[in-house]
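Dear colleague,

I am passing on the structure we spoke of. Please have it open while you read the notes that follow.

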Amino acid sequence: MNDFDVIIVGGGPAGLAAALYTARMDLKTVVVDRGPLGGQLLNTELVEDYPGFESVLGSDLALKMGDHARKFGVEIRDFEPVKEIDVEGSAKVVRLESGEELRAPALIMAAGGLPRYLQVPGEKEFWGRGVSYCAVCDGAFFKGQELAVIGGGDAAVEEGDFLTRYASKVYVIHRRNELRAQPILIDRARANPKIEFILDAHVKEIGGEDKVHVVRYEQHGEAKELRVGGVFIFIGFVPNSKLFKVHVNHDEGGYIVTDRNMQTSVEGIWAVGDVRAQLTKQIATAVGDGTTAAVAASMYITTLKDTARA
Ligand code: NAP
């Protein structure tokens, strides 16, 4: 016996867009989130790249998206951590930490993920006040300033290069003396006169007053510091794909692999937004993913109901 037509795990933009569409298509929908609605929107100060909203606070956009989904009758279970997601026959079973079980024929995985944190003093304190994990989202706030980028992988080198559109100078600080990024990205960055690599350097602290002013690091046993207006941290991203008790295909980074309809390797399970393997992590792409998955899930449920009636 199913409680819902669709269970959506994760209440960020991808999950809320999916919920809005499934509820409008008259499917009994529940959104479960371990925290408040909004996902990464709640970690974003200003959003200036979502069409139709020239400038909006991430938290305001989160509220608007939540209210919009509620208006169409979506059941919202916020502050309800999910323990595991299982499959029993055709039913998708979501077991909550509270002990409760939710069942539906369709499940849309929208649990996102988190940037890997540097875990140094100042990182949390200055989050949104000079510390960022997204160059596309926040780069434009640092026009003409000097910036530090932490990391030595593809993301750090590519995003460092991207940030020179705005910054007067970008220091890429990496803990080893060898970069992990692809040679083509390294060559491009090395050819950029605004980029300086600082290797064998271990960041110890991010400092400032009301916003970031300085990054302190240790290099070859010596304490050093750089005056910067912002610190962009790109030391990896951890997708929340480990909730599945069944195997769902994923790439080496843990991102769930889907087809163009957001369908995963398991029938009746779709994946959308930051938890999905794809080119970029933007609000607009998350919303697009959610919409596609909702339409696909609706078609799937219609087919199931038609089959059951026949
Ligand atoms: P990544 O490849 O895992 O690199 C993470 C980097 O951060 C590494 O250089 C690592 O140092 C460093 N790091 C990890 N933990 C650290 C810590 N606690 N303190 C300081 N440094 C730390 O992650 P990514 O760059 O985000 O890329 C993730 C995936 O997306 C990769 O598969 C990448 O190829 C892909 N990607 C591709 C592109 C592209 O093709 N254009 C762009 C972006 C991302 P070590 O090197 O010492 O381990």
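This is a predicted model. I looked at the ligand site and at one pair of helices.

By class, the residues around the ligand divide into 4 nonpolar, 5 polar and 5 charged. The shell has 14 residues, with D154, A155, R175, R176 and R180 the closest to the ligand.

Some polar contacts in the site can be listed one by one. On the side-chain part, a polar atom of R176 sits 2.7 Å from an oxygen atom of the ligand. Two contacts involve the backbone: a backbone N or O atom of A155 is 3.0 Å from a ligand oxygen atom, and a backbone N or O atom of G153 is 3.2 Å from a ligand oxygen atom. As for cover, the ligand taken alone exposes 910 Å², and the protein buries 66% of that.

The helix pair is α1, residues 13-24, and α2, residues 58-71. Their axes come within 9 Å of each other and cross at roughly 25 degrees. Angles under 35 degrees count as roughly parallel, and α1 and α2 are therefore roughly parallel to each other. Which hand does the crossing of α1 and α2 have? The crossing of these two helices is left-handed.

When you go through the ligand site, R176 and A155 are convenient places to begin, as both belong to the residues closest to the ligand.

Regards

Definitions and conventions
Residues are numbered from 1 along each chain as its sequence is written. This is a predicted model: local features need pLDDT of at least 70, side-chain atom pairs count only at pLDDT 80 or more; totals for chains, interfaces and linings use all residues. Side-chain values use heavy atoms; hydrogens and water are left out. A residue is near a molecule or strand if one of its heavy atoms lies within 4 Å of it. A polar contact is a pair of N or O atoms within 3.5 Å; within protein, one must be able to donate a hydrogen and the other to accept it, and residues adjacent in sequence count only if both atoms are side-chain atoms. Accessible areas come from the Shrake-Rupley method with a 1.4 Å probe; for residues, only the protein chains shown count as cover. Ala, Val, Leu, Ile, Met, Phe, Trp, Tyr, Cys and Pro count as nonpolar, Asp, Glu, Lys and Arg as charged, and the others, Gly among them, as polar. Axes are lines fitted to C-alpha atoms, for helices over the stretch in contact, and angles run from 0 to 180 degrees between N-to-C directions. Helices (H or I, at least four residues) and strands (E, at least two) are DSSP runs, numbered from the N terminus. Angles under 35 degrees count as roughly parallel, over 145 as roughly antiparallel, 65 to 115 as roughly perpendicular and the rest as oblique. A crossing is left-handed if the near helix is turned anticlockwise from the far one by less than a right angle, and right-handed if clockwise.
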